[in-house]
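User: I should like a close look at the disulfide of this protein. Please explain where it sits, and then describe the parts around it and elsewhere in the chain.

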Amino acid sequence: MAYFVLPGRGKRVYRLAVARRIVDATARGPRDRTAPGLARRRTRVLRRALRPSRRLQIGLGPWLRALPARLPDPALTAALAELDPYVRVAYVLLRIEGLPKYAVRDQLRELRVRDPWPVIDAACAVSIPVPRRAEHFDPAHLRPVRTRSVLPLATAAALTAALVGVLIHTGARPGAVRPGAPALRLAAAPPAGWTHGARTLDAWPARGDLTGDRAFLDRAAAAWATAGGDRGPGGGTAQLLYAGHAGGAPVALMRRGDRVARYTPPGLDVVTIGTDPSAPIALGGGRYLLAPWDPAPRTLAGAALPARDGVVAPPPARTPCGRGPLFHLGDRTLGYLGGPRAAVLTYRSPAYEPAGRPAPPARLGPGAVRAWNRLGCLEPPRARPVTAAMAWEFWSGTLPHGGAPAGWYCTRTTYADGGQAGTSTLVADRPRDTGGCDARRPVSGTWWRSPSGRWYYLAAAASGLVPRAKGPLGPASTEHGLLVARPERRPNVPVAVTAASR
């Protein structure tokens, strides 16, 4: 992938060596093999391959010596070199990597492409002859190239082991490894404190089979106390939420304010989670730590899900992208939309009409699960932690003039810091972003091209509302809640869309 995305200049041997070097740079240290972790690694590779630094050409000897005997066919590289860089990325992801269009859309957004669909359409329109014998590399022979001798590393490892043995023998604390580092003390809430007090994150007790392992907790506290940059807590006291074996690996979850540190030897991740006490916290590997007052989790089919020490290992989302509904928790359905927390998912059908008070969360039914299975992959991964998401299918029907069955959704995302965002999406044969939306009075509009090639302007609103569009649209009619306008040509001017009560 990196080889084909690199700009089409220079000899093949140097291009392939640079591609190997880019990939190797993302493979150092512990790797997150989950779907989100692999997606992040792919993003790093693509960013470096799109704009390779000149420094990658310096010291290429080890990578040149590790090249395979047979190099990729130059015809495909030469054809790809003529494309716009982002179109080249979309083509490689679609035709060579075999990713679906929604995954390519997410990837282009991660690369800061504001409007990815025209780029994807351009990549689909490209006709490049693929070589008869596509070259596949054996992963077993593509381990990161070693650029230094093993002897110094082995010597350093032996000296480190000896030093650690001396520290343990003399009773030194791991937190004292770096002189002058702020000390961090771990404290835990009373085991039953939440039963007679406020149900907040502060009331979550420490759970797990390693809460009594002082040495492990000291290492976890020292790892966070000595974390560089803005990841460190700055000394003082942190709350211990979990210490135990999750998926066979020891894990410690520590909290300070709206941040959580997850320590899994030898790595440390620090994320912002907000202060919502009800949203489960990710432990990694698809496992979540539930609130102590949460009921027993159940699968989407209603079967019991095993949970131990407050940790549930849910079945993966039934979507290719790994995002979407996960499991039921009492009268709520939890799902993964990216980020460090599971989100409460709700759904409103086209027949929904707002009442005086908002309806409480309810489990998703089969139809709502199917809707969120699709929306989960259309929603881009959120950088801010999401605690709730509501999808209102405010219009459904068949698009006019030979169009496909479609649903128009307004999705409201609630973040852990209390902020909200609303987006609208027209889901038909191909999903289409249609801008922001007001989750109290959903209305949205978009340009749409019929199968015959003619452009129309479509707008729809929720039940009880009538869509209105203002602009050079020509004659318009509204039928079954869908406004359809047929201008002489597609103008390059914005259209104002509003909703009026019936």
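Analyst: A disulfide is a covalent bond that joins the sulfur atoms of two cysteines. In this work, a pair of cysteine sulfur atoms counts as a disulfide if they lie within 2.5 Å. The model examined here is predicted.

The structure holds 1 disulfide. Its partners are Cys 410 and Cys 437, whose sulfur atoms are 2.1 Å apart. This separation satisfies the cut-off, because a disulfide requires sulfur atoms within 2.5 Å. The torsion about the S-S bond of Cys 410 and Cys 437 is about 85°, and the disulfide is therefore right-handed. Cys 410 belongs to strand S15 (residues 405–415), whereas Cys 437 is found in the loop between strand S17 (432–436) and strand S18 (443–449), so the bond ties together parts that are 27 residues apart in sequence.

Are the two cysteines of the pair buried or exposed? Residues under 20% relative accessible area count as buried. Cys 410, with a relative accessible area of 0%, is therefore buried. Cys 437 has a relative accessible area of 16%, so this residue is buried too. Another cysteine, Cys 124, counts as partly exposed because its relative accessibility is 30%.

The strand that carries Cys 410 can now be placed in its sheet. Strands of a sheet pair through backbone hydrogen bonds, in either a parallel or an antiparallel manner. Here, an open sheet of 8 strands runs in the order S8-S11-S12-S13-S14-S15-S16-S17, and its pairing is mixed. S8 and S17 are the edge strands, each pairing on one side only. Within this sheet, S15 pairs with strand S16 (residues 420–427) in the antiparallel sense, over 8 bridges. Opposite Cys 410 in S16 stands Ser 424.

The edge strand S8 also leads to a threonine. Thr 299 lies in the loop between strand S8 (297–298) and strand S9 (307–308). Its relative accessibility is 15%, and Thr 299 therefore counts as buried. Beyond residues up to four places away in sequence, Thr 299 touches Leu 305 and His 328. A second threonine, Thr 272, is placed in strand S5 (residues 267–272). With a relative accessible area of 40%, Thr 272 is partly exposed. Asp 258 is 14 residues away from Thr 272 along the chain, and their C-alpha atoms are separated by 5.7 Å. Apart from neighbours within four places in sequence, the contacts of Thr 272 are Asp 258, Arg 259, Pro 340 and Pro 385.

A further strand arrangement involves S1. Strand S1 (residues 184–187) has Leu 184 and Leu 186 on a covered face, with Arg 185 and Ala 187 on an uncovered one. S1 pairs with strand S2 (residues 236–246) in the parallel sense over 4 bridges, and Leu 186 stands opposite Ala 238 in S2. Together, S1, helix H10 (residues 214–225) and S2 make a left-handed β-α-β unit.

Finally, the nonpolar interior deserves attention. In soluble globular proteins, nonpolar side chains tend to be buried together. The largest nonpolar core of this model has 56 residues, and those with the most contacts inside it are Leu 80, Val 89, Val 104, Leu 108 and Trp 372. Helix H6 (residues 85–96) gives the most to this core, namely 8 residues. At least three residues of the core come from each of domain 1 (1–125) and domain 3 (327–501). Leaving aside neighbours within four places in sequence, Val 89 is in contact with Val 5, Leu 46, Leu 50, Leu 108 and Leu 111.

Terms used. Residues numbered from 1 in each chain as written. Predicted model: local features only at pLDDT ≥ 70, side-chain atom pairs only at ≥ 80, totals over all residues. Heavy atoms only, no water. Helix = DSSP H or I, 4+ residues; strand = E, 2+ residues; numbered from the N terminus. Buried < 20%, exposed > 50% of the residue type's maximum accessible area, 1.4 Å probe, protein only. Contact = heavy atoms within 4.5 Å. Core = buried A, V, L, I, M, F, W, Y, C linked by side-chain atoms within 4.5 Å. Domains from an automatic or database assignment. Pairing = 2+ DSSP bridges. Right-handed = clockwise from strand over helix to strand, strands pointing away.
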